[in-house]
Amino acid sequence: MAYGHAPFSAKTQKALQMAPYLNGELFKRKHGVDDLGLWIPDEPIGDFFDFLFQYNFTVEENELYDEELELNPEFLGIIFERITNKDQGAVYTPRLEVDFMCRLALVKWLEQTTDIEKKDLYRLFFREAGTGEASDEYQKQGDFSPSEIRTLIERLENVTICDPAAGSGAFEVGMLQVLEQVLENLYSRNNTPEDLKNKALDPYERKKAIIANSLYGVEVKRWAVWINHLRLWLTLFVDMPDDLKGSFEPLLPNLTFKVRTGDSLVQRIGSKTFPVHGHADLPQHIKRRITQLKQKKRDYFYNKNKDYGLIEQEELAIFRAILDEEIMQRERQIRDANRVKQKQLALFETNAEQMELDFSEEYEALRARLEAEIEDLKNQKKSLKDNRPFIWNIEFAEIFFDRGGFDIIIGNPPYVRQEEIVDPDPNRGLKPQAYKDALLEMLRLDFPDYFTKSRVELDKFKTGRKPSGRSDLYTYFYIRSLRLLNPRGVHVFICSNSWLDVDYGTWLQEFFLRQAPLYYVIENHARRSFARADINTVITVAGAPKRVNENHIVRFVAFKRPFEDVILSDNLLAIEQATTILRNKSFRVFPITVGELLREGSEIDQNLSQLDNHETFSINQLGKYVGDKWGGKYLRAPDIFFTILEKGRGKLVRLGDIAEVRRGFTTGANEFFYLEPLGPGSKPGLLRVRNGAGWEGEIEEEFLKPVIKSPRECRSIMIKPEELRYRIFMCHKSKKELKSTMALKYIEWGEKKGYSRRSTCNSRTIWWSLPNEMGNIFWGKELRERIAVFISLKPLLADCRLYVAMGDESLQLILNSIISIFVDEIKARQYGGGGGPRSLMVYEVNQQLVLSPALLDNRKEQIKNILLQLALRPVGSIFTECGIDPESDVPIAKQEPKPLPDRKALDDIVFDALGLTEEERKEVYRAVCQLVWERISKARSVTRNG
């Protein structure tokens, strides 16, 4: 036996010859590593072994409920995270989350592919209660007929699962453990058919078969793939029968074609990007080649075929043959369409010219699309070379062209902020912007009907469909990995939760609502999944891409206790079956239809908003999807928020449906338009004023209107025009109409200073004529702890830093209620600036849920008196208004709220209409104060740490 250039002694060589032959692939020389002539002296090797032997090691992977008494192969995953986390966004997934995701993925997939009762599937895969051997015999494990057992075994022995960001193999190992346990359970049942029992494999052979039939992965870092292989080998090694130790045949399988090295997102050769294809309709001669390829890969896995190169060449040849077939199909379509056109024309003798024009336009559009596709396919074929980068359809041809894609995609994609996204493939070396452009191209190619302008214009995005330039890398992993599924597949990711609430998540939200049914969005409030990464996560479960029905239910699940205490079969069944809000001490589930999510996150045409019930119009009538705070509203909102939604059913309306909230005006030249009154002018009707540029003079009072420039000008909720600091120059007359006025002189002064040439001013027909944005209700765009909606007796003008609307006294009171403040606080964006401001965009204010003013028609006199009372005092901080001390030693949640008397009188009117109990009212005060305190405390901590 040869050992390269290693100078082993005769004794050592003899010992090595008697060692079990595990697998040459595990220890084979790695190109670019072992061929560099590197040499490590004995001394550091000895020191390294001394270091290792300070610890207890085991080659056995811990299972879900094992005690962590020894260092096991999972430790390799921790090493992987520590090496890659800082610059490449890789975070190792703990085994508890891995086990939960694997089981949930398999249950949802079996729901899609069998008719077996859901309750039995959940009981097969999840414990009823308790942990450890003592409680095992009491667990419900599902009640299956012999036929159902046969179906389950057949499905589970052939399921195909892929992790597109495989890292060190956490999900492959997790799936291996779960499948092995469940198959062992099914094979050992009393009513399992005898023919199945007779062919049951031992644990070693069963695990090997699971890896061969079911597990796949892709990872861009080559050394991480080696760790992945090593963990799978070690998992097999622990179950290897002792009598195989003297075997001269390799004991462990070849994993080269199971976990592959490559970039899952960008498949590019030169300037050509390859899309992911999935075909079930292939000619028989190609199907035969794919069947043969599967067998060759299987033989290679089991060490019956050692010619790796020939298998790769066959993969490439099959892909070329499929491209040829696709080209021929499109050429046939063009010929067939031309024949149909000629036949149709022959049927019409009258108006032949018009008919020819109509048919020709239709035919030319079809031909243009097909010719563009043919050209693309030819370019793909031309770009292929023997030494190719990773391409999904080539590496896994047996999956995509035989099965249409994987059954399950599962994983934890890397989290990389947009400014840090770079090409992960050093051999390709695209510049950062070129790689980001390639990611966008990948979206268009994977889902052309959704993302692109047309099948002919594949290089252009459809209006409103281009992703935000701030999108994190994981958002692209979502889209690509969904494309890897077959039509009945299931997608499970654990990922950053930021896309649920931030702007760049809007396009991903809409994609799920229109193109891929989202089943669950799961968050754990009791414990973060990734202790070493500053990331809060959610687990999402979705189906394969298809047009989503607006009645499809998405379930937002918030677990209140650690996963190990709540991932129980009965809990999961209750969540699966929930159609209304369900809450208990362990979890909360908020079910909501896709139609409702689209309506709440979309702009609504003002004509439609006049309808009595916005749910009556079709989702196709909605305007642009602008996103919603899914995390803030459905996962992290306090329980009392859901009580309000339940009791407010039929009583709450969207503000935009009963009032038009608009942004105040933008002048384009504040130093010209905003003027401070200095006193009476030299004549009646004139007012002496000064502007921000230092000009002082007199202008007719009719052109100087009171204006609110900032919420800070308002002491009480009632705005008094005489107390406002500024007047706005508001003039809609032409110069001819202004002849001999002081206003005309002021306009001419402004033109000399160049204000008329500024872009905003220059865009107006009359540059000094501002829009008349008036109202009697005003919101500050950004608020800290002094929170109010300001009102006025008469309509006033407002600056762009405020939002403005018109409404009666009932609406004014409702908007100032603690209920409205609470709802705003849940939806608001939070910034880390001084004082921890929160902000709402104008569309978000329009979407705000408020009590219908019609419910207060019988209390108008009382409402008027309360508003007049509030107008007599300054607006206090939210803590003063609610009578809660956030800095007390007593937590906010345990304090007794003592709201100011007039504040309580106002809130009670809304509380009464919603039917809240006394304790529920207190809970609203506590919840608002808790949210505001967390917001401003976070900002203070950032300031201190900075």
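1. Let's start with serine 769 and the company it keeps. Setting aside neighbours within four places in sequence, serine 769 is in contact with Cys731, His732 and Arg764. With histidine 732 there is a polar contact, side chain to side chain, at 2.8 Å. Bear in mind that this is a predicted model.

2. Where does serine 769 sit? Look in the loop between helix H29 (759-762) and strand S20 (774-780). Its relative accessibility is 19%, and since buried means under 20%, serine 769 counts as buried.

3. Strand S20 also takes you into a sheet. This is an open sheet of nine strands with mixed pairing, in the order S14-S23-S20-S22-S18-S19-S15-S16-S17. The edges are strand S14 (662-663) and strand S17 (696-700), each of which pairs on one side only.

4. Inside that sheet, have a look at strand S15 (residues 674-680) and strand S19 (residues 726-729), which pair in the antiparallel sense over two bridges. Leucine 675 has arginine 727, in S19, as its bridge partner. Helix H28 (residues 742-752) lies across S15, S16 (686-691), S17 and S19, and runs at about 130 degrees to S17.

5. For a helix elsewhere, try H8 (residues 170-187). At 1.5 Å a residue its 18 residues should span 26 Å, and the end C-alpha atoms are indeed 26 Å apart, so the two values agree. Of those 18 residues, 16 are buried, so H8 is largely enclosed by the rest of the structure.

6. Now for charges. How many salt bridges does a search of the whole structure find? It finds 61. One network of salt bridges links Arg260, Lys297, Glu312, Glu315, Glu395 and Glu398.

7. Here is one pair to check by eye: the side chains of arginine 417 and glutamate 419 meet in a salt bridge at 2.7 Å, N to O. Arginine 417 counts as exposed at 51% relative accessibility, while glutamate 419 is partly exposed at 43%.

8. Another pair is aspartate 503 with arginine 470, a salt bridge at 3.7 Å, N to O. Aspartate 503 lies in the loop between strand S7 (485-496) and helix H20 (506-515), and arginine 470 in the loop between helix H18 (448-451) and helix H19 (473-483), so the pair ties together parts 33 residues apart in sequence. Aspartate 503 is partly exposed at 37%, and arginine 470 is partly exposed at 48%.

9. Last, lysine 922 and glutamate 896 form a salt bridge at 2.6 Å, N to O. The pair links distant parts of the chain, 26 residues apart, with lysine 922 in helix H36 (residues 918-945) and glutamate 896 in the loop between helix H34 (878-882) and helix H35 (901-914). Glutamate 896 is partly exposed, at 44%.

Notes:
Residues numbered from 1 in each chain as written. Predicted model: local features only at pLDDT ≥ 70, side-chain atom pairs only at ≥ 80, totals over all residues. Heavy atoms only, no water. Pairing = 2+ DSSP bridges. Helix = DSSP H or I, 4+ residues; strand = E, 2+ residues; numbered from the N terminus. Contact = heavy atoms within 4.5 Å. Axes fitted to C-alpha atoms, helices over the stretch in contact; angles between N-to-C directions. Buried < 20%, exposed > 50% of the residue type's maximum accessible area, 1.4 Å probe, protein only. Polar contact = N/O pair within 3.5 Å; in protein donor to acceptor, adjacent residues only side chain to side chain. Expected span 1.5 Å × (residues − 1). Salt bridge = Lys/Arg side-chain N within 4 Å of Asp/Glu carboxyl O.
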